[in-house]
Amino acid sequence: MMHFAGIGLAGTLAPGILWARMQDADTRTITLEMVTDAMKLSGLEFTESELKAMVESANQNLTRYEEQRAVHIPNDVSPPFHFSPLVPGMTVNRTRLAFRLSALPAIKRPANLEDAAFWPVRHLAELVRTRQVTSLELTEMYLARLHRYNATLNNVVTFLDDLGIAEAKRADAEIAAGRYRGPLHGIPWGAKDIISVKGFKTTWGSPAFKDQSFDYDASVVELLREAGAVLIAKLSTGELASGDQWFGGQTKNPWNLSQGSSGSSAGPSSATAAGCVGFGIGTETSGSILSPSARCGLAGLRPTFGRISRYGVMALSWTQDRLGPICRYAEDCAIVMQAIAKPDGRDMSVSDIPFNWNPDLDVRKLRVGIVRESFDELTDPAVKENANRTLDALRSIGIARFIPVAIPEMPGNINALGGIGVESTAFFDEHARAGRMKEARGGGRANGRLVPAVEFLRAQRIRMMMMMKLAEATAGVDVYIVASNPAAGGGRRGGDPASLDFAQDSPEPGRRASLDVARDSGGPPASDPPRPQTPTQRHFNMANLAAYPAINVPNGFLDSGSPTNVTFYARPFGEMELVALAKAYQDASGLHLKRPKAFLTS
């Protein structure tokens, strides 16, 4: 309560005890007796005059709370303070470079257009640019695949056939008139269904919101439309951006239909991996791009926090939420980022630091680090072999040395530093008080209301200390490598492909971490204390909370057919070097050219 915060008691038991007394008495007024009892139970002593002053002030604040709650707060109003991933002493490149694409051999339209369904955006764009294929043809091909395979994959919430056809015809008319907008012009894509599209449902994957719609487009939708991209579907999200289960069931992994796709960017990953869209746009708070892209064998880029506007997108954490491209090829991520990584004047956390891309960057000159413990912790022989082959492939392209990166130690539970429970409780507050959260997984997220403001802010200060330690640990590298276990499932906006953290359906050791998430986010409490985290798990949480960019790419396959993967990380705003190394690795390994057999046409 505001009064108790003002006199330094917000971090004590007093507000909670007082609130309980009010509920027991079924009253909305605080009495002197209640305050006296609360102070005694909290071990605090005050004079009678001080207690009376507390009663008067607290009752005034109750009235103010009711007044505040009468004010409707739109979804896209964030608190007036904005997180920055930069720490003292960290420098970034603020020089804007000309955007260039990699050189291509002659690209020829296949006799059966569906044979191009898995092509990189870079190649599809060349077909469109040279007018060997129309956007309408691509759009109809991808829509046909979405419809054909949705019964198997369950990755579409809303088909946007009419919208997609209209946008494709517009793209074709512009290209015919000589107004080619660039490499996304005419390319079909799909949006995770927490991203608002005007005139269509945005369900957040929950039965509580399955009929919800908004009268505006998210900024990312507008920016991609300006680039000429063609939106053809609202793709599934795990319920309220958690996991791969939504009100329509579980979204499946095209490589192994006995598995879910992981999440929570479930639909964008499943559809992209199955060749049903040119690319997808996902979101991540903690693993929701990295985990499903790992599970589905994709190049999924989690950008630096503050790269892309979140206007029009459901929030879980104003200090952690990010949007990013989910593609089959690393350079495709750069192509998409060039269109969407820019300020929009709405999301004030978005940085004006330019996103640069140089396909000819000499990766041999990069300082490449390695989290050695991530390789040492691998126990599956096949996964370990694929991880070692990754290093061999990097050596073959001229990466002569891997610089060890030591993961800093931090006391306590690193997960708790994010404060997702508090932020998500605030975002869903109006929905909870209106009773709309009763059908939603996790309910009204009540646990966030029990975190004192003082403790929340103290955790954020410790988070800053952690960020400074990680910045020091990574100061000597441009990009660094983390070996990954196969992603085991989706927690809140995903799971950790490196440590299985946040995984709901994973075996040990990831299951315990998911219980920590439940405790922090307002889910069911964990009965056991959290286990000590391995260096790899600790790094995942640190890099996520410090808002570091990362990209997953496949590095092999298991006997089950499921991909394994490797994760490359960079320091904040280091995406050019990050994507360049991932692209170079993909070019050397060729693993991105493999296709899930069940979705091939020839």
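# Reading a predicted chain, feature by feature

Analyst: Welcome! Let's begin right after helix H18, where Ala547 takes a positive phi of about 70°. Keep in mind throughout that this is a predicted model.

User: How should I read the sign of a phi angle, and which residue takes a positive phi just after H3?

Analyst: The general idea is that most residues other than glycine have a negative phi, and most peptide bonds are trans. Just after H3, the residue with a positive phi is Gly43, at about 75°. Two further cases are not glycines. Asn154 has a positive phi of about 55° and sits in the loop between helix H6 (135-153) and strand E1 (156-159). Trp204 also has a positive phi of about 55°, and its place is the loop between strand E2 (188-192) and helix H8 (219-226).

User: Are those two buried or exposed?

Analyst: Asn154 has 16% relative accessibility, so it counts as buried. Trp204 counts as buried too, because its relative accessibility is 2%. The cut-off for buried is under 20%.

User: Where is there a cis peptide bond?

Analyst: Look at the bond from Gly263 to Ser264, which is cis, with omega near 10°. Ser264 belongs to the loop between strand E7 (256-260) and helix H9 (266-273).

User: Let's turn to helices. How do I read the buried side of one, and which residues of H3 are buried?

Analyst: Start from the geometry: an α-helix has 3.6 residues a turn, so residues three or four places apart point the same way. In H3 (residues 32-41), the buried residues are Met34, Val35, Ala38 and Met39. Viewed down the axis of H3, these buried residues fall within an arc of 130°, so they line one face of the helix. On the face turned away from that buried side, you will find the exposed residues Glu33, Lys40 and Leu41.

User: And how many residues of H18 are buried?

Analyst: Helix H18 (residues 535-545) is mostly covered, with 10 of its 11 residues buried. Among them are Arg538, His539, Phe540, Asn541 and Met542.

User: How do I read the packing of two helices, and at what angle do H11 and H19 pack?

Analyst: Two packed helices are described by the angle between their axes and the distance between the axes. Here, H11 (residues 330-340) and H19 (residues 575-589) pack at an angle of about 145°, and their axes are 7 Å apart. H11 brings Ala330, Glu331 and Ala334 to the contact, while H19 brings Val579, Ala582, Lys583 and Gln586. The residues of this contact divide into four nonpolar, one polar and two charged.

User: What does Val579 of H19 touch?

Analyst: Apart from neighbours within four places in sequence, Val579 is in contact with Leu301, Ala330, Glu331, Ala334 and Trp357. With a relative accessible area of 1%, Val579 is buried. The C-alpha atoms of Val579 and Ala299 are 9.4 Å apart, although the two residues are 280 residues apart in sequence.

Ala584, also found in helix H19, is worth a look as well. It counts as buried at 16% relative accessibility. Neighbours within four places aside, Ala584 is in contact with Val363 and Ile397. Between Ala584 and Ile397, 187 residues apart along the chain, the C-alpha separation is 7.6 Å.

User: How do I read a nonpolar core, and how many residues has the largest one here?

Analyst: In soluble globular proteins, nonpolar side chains tend to be buried together. The largest nonpolar core in this chain has 112 residues, and those with the most contacts inside it include Leu146, Leu224, Phe279 and Phe568. Apart from it lies another core of 29 residues, among them Val87, Ile414, Ala471 and Phe540. To explore the largest core, try Leu224: leaving out residues up to four places away in sequence, Leu224 touches Leu184, Trp189, Ala229, Phe279, Ile281, Val336, Ala339 and Ile340.

User: Which polar contact does the side chain of Ser484 make?

Analyst: The side chain of Ser484 makes a polar contact with that of Thr567, at 3.0 Å. Ser484 lies in the loop between strand E13 (479-483) and helix H17 (510-521), and it counts as buried at 3% relative accessibility.

User: Finally, what percentage of the chain counts as buried?

Analyst: Of the 602 residues, 58% count as buried. The chain holds 19 helices and 15 strands. Among contacts between residues at least 6 apart in sequence, 75% join residues at least 24 apart.

Key:
Residues numbered from 1 in each chain as written. Predicted model: local features only at pLDDT ≥ 70, side-chain atom pairs only at ≥ 80, totals over all residues. Heavy atoms only, no water. Buried < 20%, exposed > 50% of the residue type's maximum accessible area, 1.4 Å probe, protein only. Helix = DSSP H or I, 4+ residues; strand = E, 2+ residues; numbered from the N terminus. Arc of directions from axis to C-beta. Core = buried A, V, L, I, M, F, W, Y, C linked by side-chain atoms within 4.5 Å. Contact = heavy atoms within 4.5 Å. Polar contact = N/O pair within 3.5 Å; in protein donor to acceptor, adjacent residues only side chain to side chain. Axes fitted to C-alpha atoms, helices over the stretch in contact; angles between N-to-C directions. Nonpolar A, V, L, I, M, F, W, Y, C, P; charged D, E, K, R; others polar.
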